[in-house]
Amino acid sequence: MKSREIIKKIQEVFPPNQAKVLLEFYNLLDDIVKISDFNELKAIAKALAEAQRELAEAQKRTEQRIEELAEAQKRTEQRVEELAEAQKRTEQRIEELAEAQKRTEQ
């Protein structure tokens, strides 16, 4: 039932003094949180809690992946160091071969 219809019925059925009090009470009720409003807020809170849980899980997966990437980076850096050392040994060996070639030519 619409507010205007309710107000009209109150005014028709009750004497003016009672109607005035009832209308004040009716207006007060209009300002109070309704069950549907409360249920809507509960649904929103539930959805927010679920979203927060999902975000926390995603954060954990992201942190795990970052740890894996950090470990892979360490392995890559180690391998680069090993390759640099191998390159130095190769260059040293080439120098030795060049010296040996010079001696052979002499």
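# A guided tour along helix α3 and the nonpolar patch

Begin by selecting Lys 88, which lies in helix α3. With a relative accessible area of 59%, Lys 88 counts as exposed, because the cut-off for that class is over 50%. Keep Lys 88 selected and add Leu 55, which stands 33 residues away along the chain. A distance drawn between the C-alpha atoms of Lys 88 and Leu 55 should read 49 Å.

Next, show the whole chain as a cartoon. The model is predicted, and its mean pLDDT is 92, with 99% of the residues scoring at least 70. Coloured by confidence, the protein has its lowest mean in α2, at 86, and its highest in α3, at 96. The cartoon shows 3 helices and 0 strands, in the order α-α-α along the sequence. The radius of gyration is 41 Å, well over the 13 Å that the globule rule gives for 106 residues, so the protein is more spread out than a compact globule. Along the principal axes, the C-alpha atoms fill a box of roughly 135 × 20 × 20 Å.

Now switch to a surface representation. The protein exposes about 10,000 Å², and carbon and sulfur atoms supply 56% of that area. Of the 106 residues, 4% count as buried.

With the surface still displayed, select Phe 25, Leu 28, Leu 29, Ile 32, Val 33 and Phe 38. Together these residues form a nonpolar patch with about 590 Å² of accessible area. Which helix gives the most residues to the nonpolar patch? Helix α2, spanning residues 16–31, does, with 3 residues. Centre the view on Val 33 within the patch. Val 33 sits in the loop between α2 and α3, the latter helix covering 35–105. At 58% relative accessible area, Val 33 is exposed.

Hide the surface and display the charged side chains. Side chains of opposite charge can pair when their charged atoms come close. The structure holds 5 salt bridges, and three stops on helix α3 follow.

- **Arg 53 and Glu 57.** Select this pair to see a salt bridge with an N to O distance of 2.3 Å. Arg 53 and Glu 57 are 4 residues apart in helix α3, so about one helical turn separates them. Arg 53 is partly exposed at 39% relative accessibility, and Glu 57 is partly exposed at 34%.

- **Arg 79 and Glu 82.** The side chains of this pair also meet in a salt bridge, at 3.2 Å from N to O. Their spacing in helix α3 is 3 residues, so they are separated by about one helical turn. Arg 79 has a relative accessibility of 47% and counts as partly exposed; Glu 82, at 34%, is likewise partly exposed.

- **Arg 93 and Glu 96.** Here the closest N and O atoms of the salt bridge are 3.3 Å apart. Arg 93 and Glu 96 are 3 residues apart in helix α3, so about one helical turn lies between them. Arg 93 is partly exposed, with a relative accessible area of 48%, and Glu 96 is partly exposed at 38%.

For the last stop, return to Arg 53 and Glu 57 and add Glu 50 to the selection. Which residues are joined into one network by salt bridges that share partners? Glu 50, Arg 53 and Glu 57 form that network.

How values were computed. Residues numbered from 1 in each chain as written. Predicted model: local features only at pLDDT ≥ 70, side-chain atom pairs only at ≥ 80, totals over all residues. Heavy atoms only, no water. Patch = residues over 30% accessible without salt bridge, like charges linked within 9 Å, V, L, I, M, F, W, Y side chains within 5 Å. Areas by Shrake-Rupley, 256 points an atom, 1.4 Å probe, with all protein chains shown as cover. Salt bridge = Lys/Arg side-chain N within 4 Å of Asp/Glu carboxyl O. Helix = DSSP H or I, 4+ residues; strand = E, 2+ residues; numbered from the N terminus. Buried < 20%, exposed > 50% of the residue type's maximum accessible area, 1.4 Å probe, protein only. pLDDT = per-residue confidence, 0-100. Rg over C-alpha atoms; globule rule 2.2 N^0.38 Å.
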